[in-house]
Structure formats: C-alpha cells, structure tokens
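I opened my notebook to record what I looked up, one entry at a time. The chains come up below.

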Amino acid sequence: MNETINNLIKNEIGQNDVCLFMKGTPDAPQCGFSMAISNMLKILEVNFKGINVLENEELRQGIKAFSDWPTIPQLYIKGEFLGGSDIVKEMYESGELQKKLSEKSINYTKK
Amino acid sequence: MAMDLIEIESLVKKAIPDAVIDIQDLAGDGNHYSATIISSLFKGKSKIEQHKIVYNALKGKMGNELHALAIKTKEKD
C-alpha cells in the first residue's frame, strides 16, 4: 500500500479518538450508510472526526486495504476498527456501542 | 453495474454451505440489497470476522459491482 496514505490513516486514527471514514461530511453525507453512522454519533453527542474519502481516491482505496474491509463507512474508536454501518447499527441498538464508548473513556450523552 | 439476487445467493451458498439466506432487493433496482445470513460457521467469531466471511464469499464484488448490501449475520444453534 502507498506509504503516504498509510501514514495519513495512522495519523488520523491516532489523533482522533473517534474517527469516521465516510463518503461526504457529517453535515453533508453522500451515502445512506455514511449518514447512518454519522447520525448515531450525533445522537449520542460524540465528538468525532469525519474524513471524506470522496476527496481523495487513494485514501478511499487505502482505507479498505488498511482494515481489510471492502466498504465505507468505517468507524474507529481509539485506534480500534469497530466495523461498517451494519455492525455499528447493531451495536448502537443493543447498547454495545455505548458500552464500548464508556470502556474507552469517550464522552457521550446517555439517552 | 448491478448484480442479481440469485447470483448473490449462490456465491454465499458456495462459500457457506449451511447458510440460511434471506435477501431482499430494497429498491427494486438490483443495486440495494439487504441480506440476513444464518450459519454455524459464525459461531464464536466477532461480528467483523462474520461479515468478512460474507465479503470473502462475494469474491471482491462488494464495494464494486455490488454497491449497497446491508448484512446481518446470525449464529446457527
């Protein structure tokens, strides 16, 4: 994999506790799955960084290689890859996502 | 490029022979699917590993020909 992209990904994941690689931005998602995770994080009032892969084709391919995961969005919490929208949605509905945020000492609003 | 339902089902079946599969074409456009897959192969595996088994079954089509496939995996008892 392109080393520059690999380092860029590592930096983003290292510097942002909650990092969402997505299509579009949290305010203007370009894909329903990206919007879904972004909205869950907003509902939980989690402070996260959305990274728009549509702005960088190398990043779009690079993130898939990085996690060995073929789709976007991809959510990372404190460096750990949590999954795509299906997994995150299941975790959100079961309360596992909230548990994970607590375990990793990330602030969120309990509903 | 779209993929039809039968093709998705047969790819999954080939890789996960005991799979019970329920696929729905959400928009009727051959491009947005939702699949529930139940298999004993998922036992003891994390959700990420379970979904990777399904992605591997689809042989690289996920994210390419197949744009939108929501996946739900369940362990068979």
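The entries below cover a pair of helices, a single residue and the contact between chains.

Before anything else, I noted that this is a predicted model, in which local features need pLDDT of at least 70 and side-chain atom pairs count only at pLDDT 80 or more, while totals for chains, interfaces and linings use all residues. I number residues from 1 along each chain as its sequence is written, with chains lettered from A and ligands numbered from 1 in the order in which they are written.

Entry on the helix pair. I looked up how helix 2 of chain A packs with helix 4 of chain A, and found an angle of about 30° with the axes 9 Å apart. The two helices are therefore roughly parallel to each other (angles under 35 degrees count as such). I then listed the residues that make this contact: A:Phe33, A:Ala36, A:Ile37 and A:Met40 come from helix 2 of chain A, and A:Ser85, A:Val88, A:Lys89 and A:Tyr92 from helix 4 of chain A (contact requires C-beta atoms, placed from the backbone, to lie within 7 Å).

Entry on A:Met35. I found A:Met35 in helix 2 of chain A, which covers residues 32-43. A:Met35 counts as partly exposed, because it has 18 C-beta neighbours inside 10 Å (20 or more would make a residue buried, 12 or fewer exposed). I also noted that the C-alpha atoms of A:Met35 and A:Tyr92 are separated by 14 Å, with their positions 57 residues apart along the chain.

Entry on the two chains. I saw that seven residues from chain A and nine residues from chain B take part in the contact. On the chain A side, helix 4 (residues 85-94) gives the largest share, three residues.

Note on methods. Helix = DSSP H or I, 4+ residues; strand = E, 2+ residues; numbered from the N terminus. Contact = placed C-beta atoms within 7 Å. Axes fitted to C-alpha atoms, helices over the stretch in contact; angles between N-to-C directions. Parallel < 35°, antiparallel > 145°, perpendicular 65-115°, else oblique.
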